[in-house]
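Trainee: Could you take one well-packed spot in this chain and walk me through it closely? After that, I'd like to know how the rest of the chain fits around it.

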Amino acid sequence: MTSRIPRDSRLRLVRPRPLAAAPRAVNQRRPSRPAPRPPEGTPAPAELARMARSGLAAAARVAHWADVALRPGRDGAHPGSKGTLSDASAERAASDLDLTVAQVRADWDTARLAGLIEVHGDSARPGWRLRAWHRDDSAVLRGWVALFDAWSLAHPEPAGHEPAAVAEVVSAMPQVLSFLQLSAGPVPVAQLLDLLEQRVTELRTERCEIPYGPQPEPDRAAPAEDTPLAPLLDWALHALASVGALTYGDGQATLTPLGSWAVWVKLEQICVAAQSPAGNIEQAAEDMLRGCAQLRPNAARAEYRAWLAARPVGSAVTELIDAARGEDALLRGLAFEALRVVGAPAEPDVRSVAEEPALRPYALLWLAEHEGVDPEDAHEVLTREEATWLWVDTAAAVADHGEAPMLVRHLESALQPTVPTLLDEVRAVGHPRTVQVLVALAAAHPDPALAKAVRRAAFQVHTGGN
């Protein structure tokens, strides 16, 4: 009996695609519900991005200057250390850009907080957001939100305030911002001060515990909890105004369109995380990742952020890497997605596992993207063998957690131009799940000729034959 399906003796793959698409194959499911819409009157994303570009224009200008002037090998390139500008570089930038040295340093700090410049060890380099600045509105908006999150660093508090009181105000400001967002208009500062004082009182009550056993004498030098909050609210509002989140004057504050949108985004993230049916935030890393497996990418990232916020970054990174070392390939990919949310603090740990065969392709892709390589081009850092190993690992995740059509589509993401070449290289890399992946692919594929070739390859790997 002959098949009525046309055959190609080379069993050529259909539409080869970059490997960068492969790790995302497991999550390419249709959303179960439409994404929530921002409040009525919120500008379109393109308009929000235009506002963000305008607000960050000075920072982007300094970052673009540094990209050219401080590139290694350039004459007079003295970037400084720990991500700061050296005096020589700051003076050179001031001359080239017709700014004061103080303006250059302020714009440099803003660029770092917005991710336009990234610090790696003792050096700073342009971030991927700068590379995408003129073509990717989402990258611009993420940069502005990063600056919004760092408002207390962008405009440090004046000297003379108790550190504990400053920390309380920073912790309480999200509730103040939520109130501003819901008000959708100017709010008197006196009303905001009332709300701030209530929230700070709640924070102090929440941390009040009755200790057991004998206690030492009270520290007479400890700050009293009656620190006036009005000056700190004034600082916070000025700081948020400095990053473009609100306007502040004449005894009232009003969120800007960008600020209102950012607060809404944060509230949506909290709601998504709070509504997680498995209670992922309180789970260990492996269980949290399993709970995120069926979420949309944006919702999963919000869950990662909430989970990370609830524990020290060092122990969180260790947990994620331990989960990545397990046998479940899906968790391996998701663990590195969570590590992307961690960002720079995870770099030493990710670099340390780059020599472990099971983690190496994921670590190399993570490091490439962290160092500013476009995610679509990051796969180029992998050798052919590493790329093939990652293809098999991703196929294992799809076989375990996906559906047959998804596994067939994953075949298209292989680098190899023909199935025989792919099978030869898959056998050579020695992935521990090779047999199971090939058997699952053979069972799923509708082309009898291709399925037969894949089954034969699985048998050969299983028996150690040729």
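**A buried valine and its surroundings**

Mentor: Let's start with V398, which counts as buried because its relative accessibility is 1%; buried means under 20% relative accessible area, exposed means over 50%, and partly exposed is in between, using a 1.4 Å probe and protein chains only. Before we go on: this is a predicted model, where local features need pLDDT of at least 70 and side-chain atom pairs count only at pLDDT 80 or more, while totals for chains, interfaces and linings use all residues. Residues are numbered from 1 along each chain as its sequence is written, and side-chain values use heavy atoms, with hydrogens and water left out.

V398 sits in helix α18. Helices here are DSSP runs of H or I with at least four residues, strands are runs of E with at least two, and both are numbered from the N terminus. V398 and V408 are 10 residues apart in sequence, with 9.7 Å between their C-alpha atoms.

Helix α18 (384–401) also helps to cover the buried residues of helix α21, along with α19 (404–410), α20 (419–429) and α22 (448–463). Which residues of α21 (residues 434–444) are buried? They are T434, V437, L438, L441 and A442. These residues sit on the same side of α21, because they cover an arc of only 130° around the axis, the arc being that of the directions from the helix axis to the C-beta atoms. As background, an α-helix has 3.6 residues a turn, so residues three or four places apart point the same way.

Now zoom out. The chain has 22 helices and five strands, and buried residues make up 43% of its 466 residues. Contacts (heavy atoms within 4.5 Å) between residues 24 or more positions apart account for 67% of those with a separation of 6 or more.

Next come the nonpolar cores, each a set of buried Ala, Val, Leu, Ile, Met, Phe, Trp, Tyr and Cys residues joined through side-chain atoms within 4.5 Å. The largest one has 67 residues, and W144, M173, L196 and W261 touch the most other members. Helix α8 (residues 163–183) gives the most to this core, with eight residues. A second, separate core of 64 residues includes L320, L331, W391 and L407. Back to L196: leaving out residues up to four places away in sequence, L196 touches V169, A172, M173, V176, L229 and L233.

Right beside L196 in the numbering is E197, in helix α9 (residues 189–206). E197 is partly exposed, because its relative accessible area is 35%. E197 and A172 are 25 residues apart in sequence, but their C-alpha atoms are 8.8 Å apart.

Helix α8 also holds Q181, which is buried because its relative accessible area is 10%. Apart from neighbours within four places in sequence, Q181 contacts P39, L255, S260, V263, W264 and L267.

L255 takes us to a hairpin: in β5, L255 is the bridge partner of L246. Strands β4 (residues 246–249) and β5 (residues 252–255) run antiparallel and are joined by four bridges; two strands pair if DSSP finds at least two bridges between them. Two residues lie between the strands, and D250 takes a positive phi near 55°.

Then the aromatic rings. The structure holds three aromatic pairs; rings of Phe, Tyr and Trp (its six-membered ring) pair if their centres lie within 6.5 Å, with planes under 30 degrees apart counted as stacked, over 60 as edge-to-face and the rest as tilted. One of them is W144 with F148, stacked at 5.6 Å centre to centre and 15° between the planes. Both W144 and F148 are buried, and because they are four residues apart in helix α6 (residues 137–149), about one helical turn separates them. F336 and Y362 also stack, because their ring centres are 5.6 Å apart and their planes are at 25°. F336 lies in helix α15 (residues 329–342) and Y362 in helix α17 (residues 360–370), so this pair ties together parts 26 residues apart in sequence. Both F336 and Y362 are buried.

Last, a word on confidence. pLDDT is the predictor's confidence in each residue, from 0 to 100. The chain averages 80, and 81% of the residues score at least 70. Over residues 1–23, pLDDT stays under 50, and the model has 48 contacts beyond four places in sequence for them. Residues 25–33 also stay under 50, with 19 such contacts.
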